[in-house]
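The following report describes the overall architecture of a single protein chain. Please consult the sequence and the structure while reading.

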Amino acid sequence: MSVLFDILGAVGMWEAMLRIGTPLILGTLGVLLCERVGVLNLGIEGIMTFGAMVGWLTVFSGADLWTGMLVAGLGGAAFGLLHALLTVPLGLSQHVTGLGITLFASSFSYYVFRLAIPTSSQPPTVEPFRPADIPVLSDIPFLGQVLFSQTGPTYLALVLVVVLAWVLYRTPLGLALRMAGENPHALDAQGIDPIRLRIGAIMAGSALMGMGGAFLTLAAFNSFFPTMVQGRGWICVALVVFASWKPARALLGALLFAFFDAFQLRLQTAVEGVPYQLFLMLPYLLSIVALIVMARRARVPQALMQPYRRGER
Amino acid sequence: MRFERRDHPSALLTVLAPVGAVLAALLVAGVLIAIAGANPLRAYGLILKGAFGSRLGLSEMLTRATPLILTGLAAAVAFRARLWNIGGEGQFYLGALGVTAFAMVPAVAALPGPVAVVLCLMAGAVAGMVLLLVPLALRLRFGVDEVVTTLLLNFVAVLFVSLMIEGAMKDPLAFGWPQSVPVPDAAVLPKLMARTRLHIGLLIALAMAVLVWWLQARTVFGIRARAAGLNPRAAAFAGVPLGRTLVMVACLSGGLAGLAGAIEVMGVKGYVTTDLSPNYGYSGIVIAMLANLNPLGVIAAAVFSAVMFVGADSMSRALSIPSYIADVTVALSLLTMLVAIFLAQYRIRR
């Protein structure tokens, strides 16, 4: 028991929770935005990989860290546009297109990375984001260190939760976005083109995914290597169901998840005799449990995975 | 601009769709090769030469196509019934692990050759099945979408393999490398070509493709599975037992992916590692789509992917183009194939 208290009482554990949670928050918000307008985006795993690669490469070539984040966002939006064009105007299978985007984006990332960095027995590194203390607030004992001594992108992710929730529930744009995912015919009758709105939302959501990936190479680690996203994208897809398509709950889900991840990492070193693979399985198994718990309760956007064609029912 | 469904999609367009899709993918990949500073035509020439130009190349290509045919079939049968089995990768690994664990039973090594081989293959298939039945049960019981669960289980499966090969099934003679004990000679598949890696698993894969084609085209199960995919409500109304049909589809799909893993161990590797599969499971999805879910088309699509992968390896050595270009081309051909199928079914009206 004392081991447990030691882990939970340490500032590092809670600080790590926010750090591990940041790419999940960004990715989950991205999936949430896509699904709120009615389109599943299984491209996330590949888009995160591309964001991680292109963000890192940008910084490695001499740009500053925020430019790297921006480029990762733009790269994500580009793949989002591809996904959107195939699934929205053409109405192709969202499952298969998304998987295709993931396979394409990740293999494309590895290809570009290998071209840029031909040999890598020791992967080259960049100087990553440093924690930026927020004056005064970071001096609060415990809470200050956990909440106000994080890196820039973590603050950005937290702000984006509030922004997305505000846009979705408090603005005309948000109403239109939600309608696109619930009843695109009614939206069209209002004079708003659901096709364009969906394309835009998917691009924005994919930009968030790209930035989530870039956080991995520019803040959590400092180098890029293949398969580094490790299913985080899929976990985000599960978290959106857990969050019942609500931004605030998405934050909660991502943090809960990150809590368990940070906890199992510490438990691995504290508890002996248990194979480390069992700990590593936990995040994936937890996601499945989250899906089981929420599957029937969650309120799915009514038009999710239904392509919209004008004049067709 | 709008799209209008063709009343009668022409047979010619349906046949030309995959060809056009592959050409389009090769065109885009060619641009990427050109950007890297090589002549795309020369690169493609080298890829073909690498895969067909020598006895060794050809045998390697067919060895590579073997698991791809099986994982492609696994995806094709599942997708046809709208069971989104994205877990081929995990089922492949469990199949590989299953056969190795089964072969550790001392009695297996003493069995006469053919019996041991058949039992081992079945052990692998069953292991793959079990891994797909879990997400199917979650879908039928709790309404959990199987896409995400099968994807997540891929990671769990590989970690489980890692756990076993560093623990109970670790090879004590492997100098500390994490790999499983080898399967006994009784469970090793005979070679098809002397002095190559090509083994009779290829024939098993081809037989499976014919079997799946027969099941889908000539049996009640095939009709039911298709009906369940096209319109579950109508199918249920017509008396199709949806749950039971999906369970059978899952057994077939997971079994095929598990079989792929078992054959890879019994025919090529001899033991299990966590890098046994260069994404065979995920490539299977592309192959199934390229084949338009047709079991016999899967053979052609698997050969195409195998040519790309094996050929790109030798091409990348000659031109110093990253061999990831093969993955890029195959993934791109999935996207272009989706568009090609669409264009074969719809016409564009202004």
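In chain A of this predicted model, 79% of the contacts between residues at least 6 apart in sequence join residues at least 24 apart; a contact means heavy atoms within 4.5 Å. Buried residues make up 58% of the 313 residues, where buried means under 20% relative accessible area with a 1.4 Å probe, protein chains only.

Chain A contains 13 helices and 0 strands, helices being DSSP runs of H or I of at least four residues and strands runs of E of at least two. UniProt, in an unreviewed entry, places the feature "transmembrane region" at seven spans, including the two below; such annotations may be inferred rather than shown by experiment.

| Span of chain A | Helix | Strand | Distance between end C-alpha atoms |
|---|---|---|---|
| Residues 65–86 | 100% | 0% | 32 Å |
| Residues 199–218 | 100% | 0% | 28 Å |

The radius of gyration of chain A is 20 Å, which agrees with the value near 20 Å for a compact globule of 313 residues; this radius is taken over C-alpha atoms, and the globule rule is 2.2 Å times the number of residues to the power 0.38. Along the principal axes, the C-alpha atoms fill a box of roughly 65 × 45 × 45 Å.

Residues are numbered from 1 along each chain as its sequence is written, and chains are lettered from A in the order in which they are written. Local features need pLDDT of at least 70, side-chain atom pairs count only at pLDDT 80 or more, and totals for chains use all residues, while side-chain values use heavy atoms without hydrogens and water.

Terms used
Buried means under 20% relative accessible area, exposed over 50%, partly exposed in between (1.4 Å probe, protein chains only).
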